[in-house]
Structure formats: C-alpha cells, structure tokens
Amino acid sequence: MKQISKKSALLIGGFLALAGNSVLYAASQPMSGEQIIQKRCMDCHSETGNPSLPYSRISEQRKTPEGWQMTIQRMVSIHEAKMSADERKQVHKFLSDTQGLAPSETAALRYGLERDGNLLENNDPAYAEMCARCHSGARFGLQRRTKEEWSLLVQFHMGQIPTLELHSLARDRPWFDLAMNQVVPKLAQDYPFESAAWKSWQAADKPTFEHDWAITGYIPGKGDFDALMQVRAKGGDLYGLQVIGQYADGTPLTGSGQAITYTGYEWRASLTLDGIKMRQILAANEQGTRMQGRLFMAEANELGAAMVAQRAAKGDHAVTGVMPSHVRQGARQEITIVGVGLKGTPALGKGLRIVKTLAAGANRIRLLVEAEKDAAVGLRDVAIGKAQAPAALAVYDKVARVDVVPGESVARVGGNGTPIAKAKSAYRAVGYAAGADGKPGTEDDVRLGYMPATWSLKPFDETAREDNDLKYAGAIDAHGVFVPGDAGPNPERKMSTNNVGNLNVVGTVDDAGNKVSGEGHLLVTVQHFVRASVL
C-alpha cells in the first residue's frame, strides 16, 4: 500500500504546534503492533514484567495519534529503529488505540490536532514561560505521562538541545531547577498518566462508522457546502468514502477517499473533492452519531474550516445547518436546512413564515421565507419533525457589527524559486445585530453568522505605512484568501528586506445599503525554516 506524503508540524508565531498526517495502514500484517514492539524496540527498551506497564518508557505515556506518529518517526530517524513502513503503521495503530487519550482529554485542545494555527492560546503562566515559549500549549497538553516520564522529558530536552538554558526566559533564572522541581509536578498533576476518563473510555463500547453521514462545511474559495458522505468498512478500522453534494450556489460537489479511526473516536481521512486533495481530522461523540472537526487542503493546511458530520442511519434525526443563518425584518430570503431525517413541516419560530418550499428531501430542504416587519430581533429554534436545532436562525433589523475571523492570523512568504511554498490565510465575515440595549459590541449582541463581504487590506500601524507593507506583503482576493509576497530579499524595499509586513484585513458587509466593516490583524512573516519530521 502506498504511503501518503510526509508533512510537517506547523510553526505559528514562533510556537511549534502539534501536527501530523493521518497514516492509513494495511488491514492484514504478519505481526501485530505489540509483536513488532517486542521484536523491534527491545534493543533500547526492556520488558518490565509488569502486565499493566509491560515496556519501559513506552508503557508510561499516552498520546494522540499525531503524538505517537511523531514519536515513532523520531525513533526511526534519530535512534535508527529498524521498522518497515508497514510495521510503523501497525505500531502506530496499536499505541494510538491502547495508549491514547479519552474524548474529554482532547476536547479543549482539538485545534492542535486539526492544524488550526491561527488561534491565540491562553496558557498557564508556568507553562507559558517554561514550555510554550517554544511549543504550543496543545503540544504538551495532548500527552499524558507518569511523573517520572515528565521528568525524563525535561532531561531529554536538555540532552537534545543543550543550548536550552541560554534561551530567553531561561538564561536569567535557574531554568533546570524550576523545570524539575516546579513544572514537572504540575505537569504530572494536570496531565496525569492515569485518569478516570481514560479508564471509562477504555471500558466503553466503541461505535462503528459504516453509515451514511450528512456533512456540512466550508472550503475557502469555494464556499459553504452540504453533502452525503457514504462510509463503507474495508476492515481493521479502515473505511472507503464517497461524497456527493453541492455548494451553496448549487454547484455539484463530488469526491472519494479513505479514512481510518483511532482510539474509537479519532477520525482521520484523506480524500479528493473536485480534484483538490483534502484532509479531515474529526472527533466523534461517544455515541458515534456526530463528528466535528476541521476539513482543510492537504498541501495548504491553513486553508480550511470547521466541518460537521451527522450519522444518517435509520431512525436518526438532526438539523446540522441552516444556510444562510439570518433573515432581515420585512425581507424575503432563500434558506437551506440540512441534516438527516428531515420529515415534516419546518417550524422556524415566531415572526417567520414559509412563502414557498423550493425543494425537499430527507437531508436537504430549500425554502423561501419571510420575516415580519416587526418580528423580534433574536435567534430562533429550527425544527422539522423530530429533527431540531436550537438558536439556528436569526432575525435582525440591521447589521451593527462585523467581526473578521480569524481575528489574529499569520501568513508566510514563499516560492520565488525556493522549496518552501507560500502559507496563505483565509478570512470570513461574521455579522452581528445589536441586542436589546441597541449598542454593538456588548454581551447581548445577536450573532447572525457568516455573511458575504468585500475584502481589502490596510497598514496595521504607522511603521507598516512607512515601510509600504501594503504594496509588498501580498494581496487578498474576492473570496477573502490572502496570498503573501515572494520569498527572498526585495531590492525595492528599504535595506532590501524581504516581503514581510504588518497588515489589517478589512471585511465589509453590504446589508441593503448599510455598509459595516470589521478588521482582523495579519502578520506576514518568513517561511517555516524549522520543521518537525512526521510519518
């Protein structure tokens, strides 16, 4: 079986964020993952004789699939572990399943797995000063170790990176003593090897994923979409995929691929949608009825968005999305309700009436609706028979505020004959109505959802204006996708500097002549020169 292409960990704003490609494994191999560990790893590790912790070092850690993937690759590339590609896949699957993390243990840090690099973390000061000055908080937060293993990890860093104590936030204090005596005990307490959540998940019945799934998502440059994803088992937690759907403008969407599940709920898929290679990194709920995560381009991880998959088995009922999710007072609007088991007359809430049903099916209903002129501003529940979605549709009087998301982002120059591609950035505009107090920017604002916008750029500050960053750092297209400038020195710039820059991204929503703008900060910086090797 051909191995998928190697990818690199994502370096954003100086923090090394956890990343790694899904690895699809062959369904049948001559040795199991545990047998391969016994045969290939015991030159350095040892069998302990303890049935609950059978292998030194290995058995005292729990990690996500991406975490184990990085560990295995390090063993092969640095420590010269002798494993074939198929053997690595078997060990990876075995360790991910038997020494993984429970759903609740990954919930707050999914962005680290989903490669959502444009996110500001709020780390505990102890970790921010000790660990997150090089890594993202998700990097260590998505691991579980015994106290001894956390201690050995600190010592590994000192051995592998002996200049560590000379770095900023280390050289002016007793870094090693603080790491060993204060941070290690805290890591062991906050991220313990043994947990009730993991024991409970190990004992739980694991769902199967061989169903049809109603999926909704967004592809930068293409728009919102909804589709039916047919999932068929191929053995050994490996699945084949077929996708049939449409974009919001009615353009057909088709694709196919394959997926694998780890730890009973971690979904990793590689697929091609309309000729574009994509990845899905999703997490299923404990019942296996819903998956949520991120869909992104395989060769440009930064270009992606949230995705939802709802199981479409017999007896399932759910509304997964309403597009668009807002109707202005006194106006008519076409909306599309997507989900599973959509049977019956839609109920949209007070002040909204259905003018006409334009199309209807079990997974997709298209309506022409009208909001009364005096309909109350606020969110409405949407229900179709047994399928319900709370606060899924908004009625508004006018757009009072626009947020550009992401609010903080990084793009990277590249290309121009260099081997490192440009790292783009994609933006969307979220509209809000002022709440009961009539003031935008307060807690009672009503979120209207994503809205069409026109896009522009402006200098972030006076320094950016003087350096003419707007001319050299890059350009944004009509879809909100920013393409940075070329890599390398630019003789047109002061001191022949490169095409980095400090910009604001401006999204302007035109709501029936009422134009409202929002801004997000964009830092255009240098390429990823340091990358972590993964399978």
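**View 1. An open sheet of 3 strands in the predicted model.** The 3 strands of this open sheet follow the order 21-24-25 with antiparallel pairing, where strands are DSSP runs (E, at least two residues) numbered from the N terminus and two strands pair if DSSP finds at least two bridges between them. Because strand 21 (401–405) and strand 25 (446–451) each have a single partner strand, they stand at the edges, and one side of each is left without a neighbour in the sheet. On average, neighbouring strands of this sheet are turned by 30 degrees against each other, direction ignored, the axes being lines fitted to C-alpha atoms. The model is predicted, so that local features need pLDDT of at least 70 and side-chain atom pairs count only at pLDDT 80 or more, while totals for chains, interfaces and linings use all residues. Residues are numbered from 1 along each chain as its sequence is written, and side-chain values use heavy atoms, with hydrogens and water left out.

**View 2. The pairing of strand 21 with strand 24.** Strand 21 and strand 24 (residues 428–433) run antiparallel and are joined by 5 bridges. V402 has G431 of strand 24 as its bridge partner.

**View 3. The surroundings of M31.** M31 lies in the loop between strand 2 (15–17) and helix 1 (33–40), helices being DSSP runs (H or I) of at least four residues. Apart from its neighbours within four places in sequence, M31 is in contact with I36, K39, E87 and Q90, contact meaning heavy atoms within 4.5 Å. The C-alpha atom of M31 is separated by 30 Å from that of S256, which is 225 residues apart along the chain.

Note on methods. Axes fitted to C-alpha atoms, helices over the stretch in contact; angles between N-to-C directions.
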